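Trainee: I would like to practise reading a fold with you. Could we go through one feature at a time?
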Amino acid sequence: MSCSLRLANDADISELETLIGHSVRELQSAYYSAAQMDGALGSVFGVDRQLIRDQTYFVAEQDGSIIACGGWSKRASLFGSNAARAIDDAPLDPLQDAARIRAFFVHPEHARRGLGRAILFACEDAIRAARFRSIELVATLPGVPFYLAFDYEAGERSEVPLVNGLRLPVVRMSKNLRTPTQ
């Protein structure tokens with residue numbers, strides 16, 4: 001499969017919103033109820049425009065269509081769309097704080113073909129270049145095996161409250177980055 005990876009821009013937002021909804025409803029349905037997914041879409045699962053402004057959000061394209069997305073952040077929030085926040089996140093200190101992996105979604109017709117891996121590696125390269133020493137993320141249940149395969153460690157399990165009163169089980173994960181001399 002031939003695709004290209006690039007940074008997202010504001011013109012991608014509508015297509016990203018469609019992709020995210022489609023990805024969540026098909027690829028997470030074995031883990032979450034329809035009501036949980038409905039409650040999470042738009043707040044927990046959604047476009048974070050701050051990632052686009054920071055130029056830390058990647059899209060994979062094939063034949064002019066976005067088929068996957070994901071990014072990293074140098075800001076405090078671990079997850080969620082910009083709709084869930086009233087103000088911009090404070091920047092993190094790369095020498096003291098962990099960078100964040102954020103908002104990975106793949107079109108169901110393109111799942112399990114290496115797109116998530118390609119985006120994750122691009123994020124990790126950018127995180128290293130920004131001099132962060134570690135990474136944190138909040139994984140959905142279907143995302144846990146993916147991140148474990150790339151040396152992330154599972155941590156605390158918790159539940160995110162949703163706008164419809166339900167809760168979404170998630171797992172906090174982390175990874176220490178090795179310097180080139182290690």
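Trainee: Let me start with a pairing. Which residue in strand 3 does Tyr57 stand opposite?

Mentor: Happy to help, and keep in mind that this is a predicted model. Strands of a sheet pair through backbone hydrogen bonds, either parallel or antiparallel. Here Tyr57 has Gly71 of strand 3 across from it, and Phe58 has Gly70 as its bridge partner in that strand.

Trainee: How many bridges join strand 2 to strand 3, and do they run parallel or antiparallel?

Mentor: Six bridges join them, and the two strands run antiparallel. Strand 3 covers residues 65-73. The hairpin that strand 2 and strand 3 make has two residues between the strands, and Asp63 takes a positive phi there, near 50 degrees.

Trainee: What joins strand 1 to strand 2?

Mentor: Four bridges do, and again the strands run antiparallel. Strand 1 spans residues 4-7. For one pair to look at, find Ser4, which faces Glu61 in strand 2.

Trainee: Now the whole sheet. In what order do the strands come?

Mentor: The order is 1-2-3-4-5-7-6, in an open sheet of seven strands with mixed pairing. Strand 1 and strand 6 are the edge strands, as each pairs on one side only. From one strand to the next, the twist averages 25 degrees.

Trainee: Which strands does helix 1 touch where it packs on the sheet?

Mentor: Helix 1 touches strand 2, strand 3 and strand 4 (99-106). Its direction makes about 90 degrees with that of strand 3.

Trainee: Let me turn to burial. Why is strand 2 described as largely enclosed by the rest of the structure?

Mentor: The approach is to count the residues under 20% relative accessible area, which are called buried. In strand 2 (residues 57-62), six of the six residues are buried, so the rest of the structure largely encloses that strand. Next, look at where the residues point. Tyr57, Val59 and Glu61 face one way, Phe58, Ala60 and Gln62 face the other way, and all are buried.

Trainee: Can we try single residues? Where is His22 found, and is it buried or partly exposed?

Mentor: His22 sits in helix 1 (residues 13-27). With a relative accessible area of 33%, His22 is partly exposed. Setting aside neighbours within four places in sequence, His22 is in contact with His107 and Pro108. The C-alpha atoms of His22 and Val106 are 8.8 Å apart, although 84 residues lie along the chain from one to the other.

Trainee: And what about Phe150: where is its place?

Mentor: Phe150 is in the loop between helix 5 (144-148) and strand 6 (153-161). At 17% relative accessibility, this residue counts as buried. Once neighbours within four places in sequence are left out, the contacts of Phe150 are Arg117, Leu120, Phe121 and Lys175. By C-alpha atoms, Phe150 and Ser4 are separated by 22 Å, and they are 146 residues apart along the chain.

Trainee: Last topic, salt bridges. How many does a search of the whole structure find?

Mentor: The search finds 10 salt bridges. Among them is the one where the side chains of Asp38 and Arg25 meet, at 2.7 Å from N to O. Asp38 lies in helix 2 (residues 34-40) and Arg25 in helix 1, so this pair ties together parts 13 residues apart in sequence. Both ends are partly exposed: Asp38 at 42% relative accessibility and Arg25 at 41%.

Trainee: Which parts of the chain does the pair of Asp48 and Arg102 link?

Mentor: Those side chains meet in a salt bridge of 2.8 Å, N to O. The pair links distant parts of the chain, 54 residues apart: Asp48 is in the loop between helix 2 and helix 3 (49-53), and Arg102 is in strand 4. Asp48 and Arg102 are both buried.

Trainee: Where do Arg128 and Asp125 lie?

Mentor: Both are in helix 4 (residues 115-129), three residues apart, which is about one turn of the helix. Their salt bridge has its closest N and O atoms 4.0 Å apart. Arg128 is partly exposed, at a relative accessible area of 35%. Finally, Arg6, Asp12 and Glu61 are joined into one network by salt bridges that share partners.

Key:
Residues numbered from 1 in each chain as written. Predicted model: local features only at pLDDT ≥ 70, side-chain atom pairs only at ≥ 80, totals over all residues. Heavy atoms only, no water. Buried < 20%, exposed > 50% of the residue type's maximum accessible area, 1.4 Å probe, protein only. Contact = heavy atoms within 4.5 Å. Pairing = 2+ DSSP bridges. Axes fitted to C-alpha atoms, helices over the stretch in contact; angles between N-to-C directions.
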